[in-house]
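Good morning, everyone, and thank you for making the time. I would like to walk through one structure with you, going from the sheet to the helices and then to a few side chains.

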Amino acid sequence: MQWAVMLALTIVLLLGVANLIAMQYGQGAIRTALDEGARYGAFLGNDWEDCEHRAENVLRGDSGLLRGTLGDSISVRCEAAGDLMQATATGSFDWWVGGLPAVDFTMVGEAVHEAAP
């Protein structure tokens, strides 16, 4: 009986650690997509729509960084704020082990608008 309990706890622990690693990867992928989107939207002649499209493509495109169920709850929004292009992502990551609340987050990426010479 003690071996069964120990095995079950070990599996839950390993699953929790794997879930933490997946969440860290997800946050890095979102950070990359926000930075890419903000830089692309800050190019001369581009706007907030170009920023959102680029960030979504980096996240969920054909070769996106966060395809699948891990990125389903994430929404990306871009806006021009003065001389900055801001890309904001909001969402949450669910735990693979039941009974734990989702991890909510908001991340922001910024880039300075390119000026005409």
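Before I speak of bridge partners, let me fix one term: two strands pair if DSSP finds at least two bridges between them. Please also keep in mind throughout that what you see is a predicted model.

With that term in hand, we can begin with the sheet, which is open and has three strands in the order β1-β2-β3, with antiparallel pairing. The edge strands are β1 and β3, each of which pairs on one side only, and neighbouring strands are turned against each other by 20° on average, if direction is ignored. As a general reminder, strands of a sheet pair through backbone hydrogen bonds, in either a parallel or an antiparallel way.

How many bridges join β2 to β3? There are ten, and the two strands run antiparallel. Two examples give the register here: leucine 84 has valine 112 in β3 as its bridge partner, and methionine 85 is matched in β3 with alanine 111.

On the other side of β2, seven bridges join β1 to β2, and this pair runs antiparallel too. Here serine 75 has threonine 90 in β2 as its bridge partner, while valine 76 stands opposite alanine 89 in β2. The connection is a hairpin with two residues between β1 and β2, and glycine 82, which lies in the turn, has a positive phi of about 70°.

Is β2 mostly covered or mostly uncovered? It is mostly covered, since eight of its ten residues are buried. Serine 92 belongs to this strand, and with a relative accessible area of 18% serine 92 falls on the buried side, because buried means under 20%. Beyond its neighbours within four places in sequence, serine 92 is in contact with Ser73, Ala102, Val103, Asp104 and Phe105.

Arginine 77, by comparison, is placed in strand β1 and is partly exposed, at a relative accessible area of 45%. If we leave aside its neighbours within four places in sequence, arginine 77 is in contact with Glu52, Gln86, Ala87 and Thr88. Arginine 77 and glutamate 56 are separated by 21 residues in sequence, and their C-alpha atoms are 9.5 Å apart in space.

Let me now turn to the helices. α1 lies across β1, β2 and β3, and runs at about 30° to β3, whereas α2 lies across β1 and β2, running at about 150° to β1.

Which residues have the most contacts inside the largest nonpolar core? They are Ile30, Leu34, Leu59 and Ile74, in a core that has 22 residues. At least two residues of this core come from each of α1 (2-41), α2 (48-60), β1 (75-81), β2 (84-93) and β3 (103-112), and α1 gives the most, with six residues. In general terms, nonpolar side chains tend to be buried together in soluble globular proteins. Leucine 34 deserves a separate word here: apart from neighbours within four places in sequence, leucine 34 is in contact with Val76, Ala87, Thr88, Ala89, Met107, Val108 and Gly109.

I will end with the aromatic side chains, of which a search of the whole structure finds two pairs. One of them joins tyrosine 40 and phenylalanine 43 in an edge-to-face arrangement, at 5.7 Å centre to centre and with 70° between the planes. Why does this pair count as edge-to-face? The angle between the planes is 70°, and the label therefore applies, because planes over 60 degrees apart count as edge-to-face. Tyrosine 40 is partly exposed, at 34% relative accessible area, and phenylalanine 43 is likewise partly exposed, at 42% relative accessibility. Tyrosine 40 has a further partner, for the charged end of arginine 54 sits over its ring, 5.9 Å from the ring centre.

That is the tour I had planned, and I am glad to go back to any part of it.

Note on methods
Residues numbered from 1 in each chain as written. Predicted model: local features only at pLDDT ≥ 70, side-chain atom pairs only at ≥ 80, totals over all residues. Heavy atoms only, no water. Phe/Tyr/Trp six-rings, centres within 6.5 Å; stacked < 30°, edge-to-face > 60°. Buried < 20%, exposed > 50% of the residue type's maximum accessible area, 1.4 Å probe, protein only. Lys NZ or Arg CZ within 6 Å of the ring centre and 35° of its normal. Core = buried A, V, L, I, M, F, W, Y, C linked by side-chain atoms within 4.5 Å. Helix = DSSP H or I, 4+ residues; strand = E, 2+ residues; numbered from the N terminus. Contact = heavy atoms within 4.5 Å. Axes fitted to C-alpha atoms, helices over the stretch in contact; angles between N-to-C directions.
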